[in-house]
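User: I am a first-year student and I would like to learn how the words used for a protein structure follow from its values. Could you take my questions one at a time?

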Amino acid sequence: MIPRHSTNESVSYTGQTSKGIKQSQERMNSKWKMLLLTSFALLLMLIKHRSRIKNHLEKIDLCWENEKELRLSDWFNPKKRPDVKTTTDWFAPIIWEGTYNRQVLEKYYKRLNITIGLAVFATGKFVDQYLEKFLQSANKHFMIGYNVIFYILMDDFSKLPPIELGPLRTFKLCTVLKQHVWKDFNYIYMKNLDMYIIEHIQHEVDFLFSMTVNQIFKNDFGVETLGESVAQLHAWWYFRHAENFPYERRPKSAAFIPFGEGDFYYQSAVFGGTPREVLAFIKEYQKGVTSDNRNGLKSIYEHYLNKYLFINKPTKLLSPEYNWDPNFRTPPQIKHVKIAWHSNSI
């Protein structure tokens, strides 16, 4: 026999189940509300920070693009100048007018936001004769549109001419410290440049050119000239046979290059590359001069440069168009003179 209260209990249990379901629904609704509020808050945050996120993604994309190495074939076409030698035996490009695509190079280097340094040594008569013209013409034609620092190495700042520079360019004065032991102004210059590269130049620029002051820029000297190690072909010797190159021929000299050897004859008025590479050459140059001095020998700066570039092949060569002597008749191969080198002042 079933007790009387069983029906009531049954009803009681049913009432508790309905109440539980109702509470469960309320909890579920509360969770959905919270989820909707959270989603809405996240949406507001995304809208608020959309531009910041977009910029960040663009930067990531830009970094990825910058990581892509620029291939030689992307900007250099040697077939454009069949009248001249455009590639070395070690496959380094020789830059002539018409062989390079500056638009491709500009797009690449603009993304990197590079800074280029130009070091020049000015002392004695060269200050009055050339420094102002050199700086004015460099301001007009050297690496237009890029960050440029002119490093002016002088022993007398009172002779510094007025300097007016365009946007993105500045200059720094570097005192030339002389030593009575050394009278060769090239050695003095290089010893000082070595010191300044180590002290600060290597931290300020991505590429560095060292040039003599007796030059005047005539046309754009642009990013097609940039490279790890950049050598300038000598206008006097480019069109002559290698046997006639005026290398250092004394076997005991550190600058010695035997007959029958050698690639090109390089001009010392222009040399460039990364600060590390320029520094590496200066170290070898100083070692060579010191060694020759101990052996009672003396060679010229240009001979040491040619020996260094014979052993350490440059990664890019500039044609004589980039440093032409106006005293010479201009041959048809020279389409566009970039710099006029005034050899009569040597």
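User: What is the order of the strands in the open sheet of eight strands, and what makes the pairing mixed or uniform?

Analyst: In this predicted model, the open sheet runs in the order β1-β9-β7-β8-β5-β2-β3-β4, and its pairing is mixed. Strands of a sheet pair through backbone hydrogen bonds, either parallel or antiparallel. Both kinds can be pointed out here, since β2 and β3 run parallel and are joined by eight bridges, whereas β5 (residues 207-212) and β8 (residues 266-273) run antiparallel and are joined by four bridges.

User: How do you know that β5 counts as paired with β8, and which residue in β8 is the bridge partner of Leu-208?

Analyst: Two strands pair if there are at least two bridges between them, and four bridges join β5 to β8, so the pairing condition is met. The bridge partner of Leu-208 is Gly-273 in β8. In the parallel pair of β2 and β3, Thr-115 stands opposite Asn-147 in β3.

User: Why are β1 and β4 said to stand at the edges?

Analyst: β1 and β4 (169-175) each have a single partner strand, so one side of each is left without a neighbour in the sheet.

User: What makes β2 largely enclosed by the rest of the structure?

Analyst: Eight of the eight residues of β2 are buried, so this strand is largely enclosed by the rest of the structure. In a regular strand the side chains alternate between the two faces of the sheet. Both faces of β2 are covered, with Thr-115, Gly-117, Ala-119 and Phe-121 buried on one side, and Ile-116, Leu-118, Val-120 and Ala-122 buried on the other. For the protein as a whole, buried residues make up 43% of the 346 residues.

User: Why is Val-127 called buried, and what is it in contact with beyond its neighbours within four places in sequence?

Analyst: Buried means under 20% relative accessible area, and the value for Val-127 is 5%, so Val-127 is called buried. Val-127 lies in helix α5 (residues 125-141), and, leaving aside its neighbours within four places in sequence, it is in contact with Ala-122, Glu-132, Met-154 and Lys-159. The C-alpha atoms of Val-127 and Val-213 are separated by 8.1 Å, although these two residues are 86 residues apart along the chain.

User: Which residues of α6 and α7 meet, and what kinds of residue are they?

Analyst: The axes of α6 (residues 185-204) and α7 (residues 275-294) come within 10 Å and cross at roughly 145°, and α6 passes α7 in a left-handed crossing. Residues that meet there include Leu-193, Ile-197 and Ile-198 in α6, and Val-278, Leu-279 and Ile-282 in α7. The residues of this contact divide into 11 nonpolar, four polar and three charged. Helix α6 also lies across β2 (115-122), β3 (147-154), β4 and β5, running at about 145° to β3.

User: Why is the pair of Arg-81 and Asp-83 called a salt bridge, and are its two residues buried or exposed?

Analyst: Side chains of opposite charge can pair when their charged atoms come close. The cut-off from nitrogen to carboxyl oxygen is 4 Å, and for Arg-81 and Asp-83 the N to O distance is 2.9 Å, so the pair is called a salt bridge. Arg-81 is buried, with a relative accessible area of 5%, while Asp-83 is partly exposed at 38%. Arg-81, Asp-83 and Glu-321 are linked in a network of salt bridges, and by this rule the count comes to 12 salt bridges.

User: How do you know that the salt bridge of Lys-338 and Glu-97 links distant parts of the chain?

Analyst: The side chains of Lys-338 and Glu-97 meet at 2.9 Å, N to O, and the two residues are 241 residues apart, with Lys-338 in the loop between β9 (316-318) and β10 (339-341) and Glu-97 in the loop between β1 (94-95) and α4 (102-112). Lys-338 is buried at 2% relative accessible area, whereas Glu-97 is partly exposed at 25%.

User: Why is Arg-102 counted as partly exposed, when Glu-224 is called buried?

Analyst: Partly exposed begins where buried ends, and buried means under 20%, with exposed over 50%. Arg-102 has 22% relative accessibility, so Arg-102 counts as partly exposed, while Glu-224, with a relative accessible area of 0%, is buried. The side chains of Arg-102 and Glu-224 meet in a salt bridge of 2.9 Å, N to O, which links helix α4 to the loop between β6 (215-217) and β7 (229-233), 122 residues apart.

Terms used
Residues numbered from 1 in each chain as written. Predicted model: local features only at pLDDT ≥ 70, side-chain atom pairs only at ≥ 80, totals over all residues. Heavy atoms only, no water. Buried < 20%, exposed > 50% of the residue type's maximum accessible area, 1.4 Å probe, protein only. Axes fitted to C-alpha atoms, helices over the stretch in contact; angles between N-to-C directions. Left-handed = near helix turned anticlockwise from the far one by under 90°. Contact = heavy atoms within 4.5 Å. Nonpolar A, V, L, I, M, F, W, Y, C, P; charged D, E, K, R; others polar.
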